[in-house]
Amino acid sequence: MRNEIKLQTTTKWTKSTYCSSGGCVEVAAGPDFVAMRDGKRPEDGVLQLSRSDWRGFLEAIQAGDFTR
């Protein structure tokens, strides 16, 4: 069974200061996880990563692994 972390209603979601359209990814950090959701459709769910997986995700972005 997967260990799911429950987000509190007081969880602070943030988005990039570069986001002007409102269609950006929102991020919330907890003590041992980072969560992401679609800013336009937050009711669609949350993707939660461990902090080490989050670091790997950011490193992959910086390395250009997700460019077209």
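Me: What is the order of the strands in the open sheet, and how do they pair?

Reply: Good place to start. Strands of a sheet pair through backbone hydrogen bonds, either parallel or antiparallel. In this predicted model, the open sheet has 3 strands in the order β1-β2-β3, and the pairing is antiparallel.

Me: Which strands stand at the edges of this sheet?

Reply: Look for strands with a single partner. Here β1 (25-29) and β3 (47-50) are the edge strands; each has a single partner strand, so one side of each is left without a neighbour in the sheet. You can also look at how the strands are turned: neighbouring strands of this sheet make an angle of 25° with each other on average, direction ignored.

Me: How many bridges are there between β1 and β2?

Reply: The antiparallel pairing of β1 with β2 runs over 5 bridges. To find the pairing in the structure, start from Ala29, which stands opposite Val34 in β2. These two strands also form a hairpin, with 3 residues between them.

Me: And how many bridges join β2 to β3?

Reply: Strand β2 (residues 33-38) is joined to β3 by 4 bridges, and these two strands run antiparallel. A handy pair to look for is Ala35 and Gln48, since Ala35 stands opposite Gln48 in β3.

Me: Let me step back to the whole chain. What is its secondary structure, and in which order do the elements run?

Reply: The protein has 1 helix and 3 strands. Read from the N terminus on, the elements run β-β-β-α.

Me: How many salt bridges does the structure hold?

Reply: For salt bridges, you look at charged side chains that meet. The structure holds 3 of them. One is made by the side chains of Glu26 and Lys15, at 3.8 Å from N to O. Glu26 lies in strand β1 and Lys15 in the segment before β1, so this pair ties together parts that are 11 residues apart in sequence.

Me: Which other side chain does Glu26 meet in a salt bridge?

Reply: Glu26 also meets Arg37, at 2.6 Å from N to O. Because Glu26 lies in strand β1 and Arg37 in strand β2, this pair too ties together parts that are 11 residues apart in sequence. Put the pieces together and you get a network of salt bridges linking Lys15, Glu26 and Arg37.

Me: Are Glu26 and Lys15 buried or exposed?

Reply: Relative accessible area is the value to read here. Glu26 has 10%, and a residue under 20% is called buried, so Glu26 is buried. Lys15 has a relative accessible area of 40%, so Lys15 is partly exposed.

Me: Where is a salt bridge with Arg41?

Reply: Find Asp44: the side chains of Arg41 and Asp44 meet in a salt bridge at 2.5 Å, N to O. Arg41 is partly exposed, with a relative accessible area of 43%. Asp44 comes to 51% relative accessibility, so Asp44 counts as exposed.

Me: What share of the residues in the protein is buried?

Reply: Of the 68 residues in the protein, 21% are buried.

Me: Now the cysteines. Which of them form a disulfide?

Reply: A disulfide is a covalent bond between the sulfur atoms of two cysteines. The count here comes to 1 disulfide. Cys19 and Cys24 form it, with their sulfur atoms 2.0 Å apart.

Me: Why is the disulfide of Cys19 and Cys24 called right-handed?

Reply: Look along the S-S bond. The torsion about the S-S bond of Cys19 and Cys24 is about 105°, so the disulfide is right-handed. As for its surroundings, Cys19 has a relative accessibility of 16%, so Cys19 counts as buried.

Me: One more feature, on the surface. Which residues make the nonpolar surface patch?

Reply: Here you look for nonpolar side chains on the surface. Leu58, Ile61 and Phe66 make a nonpolar surface patch of about 280 Å². Phe66 has its place in the segment after α1 (51-62). With 54% relative accessibility, Phe66 counts as exposed.

How values were computed:
Residues numbered from 1 in each chain as written. Predicted model: local features only at pLDDT ≥ 70, side-chain atom pairs only at ≥ 80, totals over all residues. Heavy atoms only, no water. Disulfide = S-S within 2.5 Å. Buried < 20%, exposed > 50% of the residue type's maximum accessible area, 1.4 Å probe, protein only. Patch = residues over 30% accessible without salt bridge, like charges linked within 9 Å, V, L, I, M, F, W, Y side chains within 5 Å. Areas by Shrake-Rupley, 256 points an atom, 1.4 Å probe, with all protein chains shown as cover. Salt bridge = Lys/Arg side-chain N within 4 Å of Asp/Glu carboxyl O. Pairing = 2+ DSSP bridges. Axes fitted to C-alpha atoms, helices over the stretch in contact; angles between N-to-C directions.
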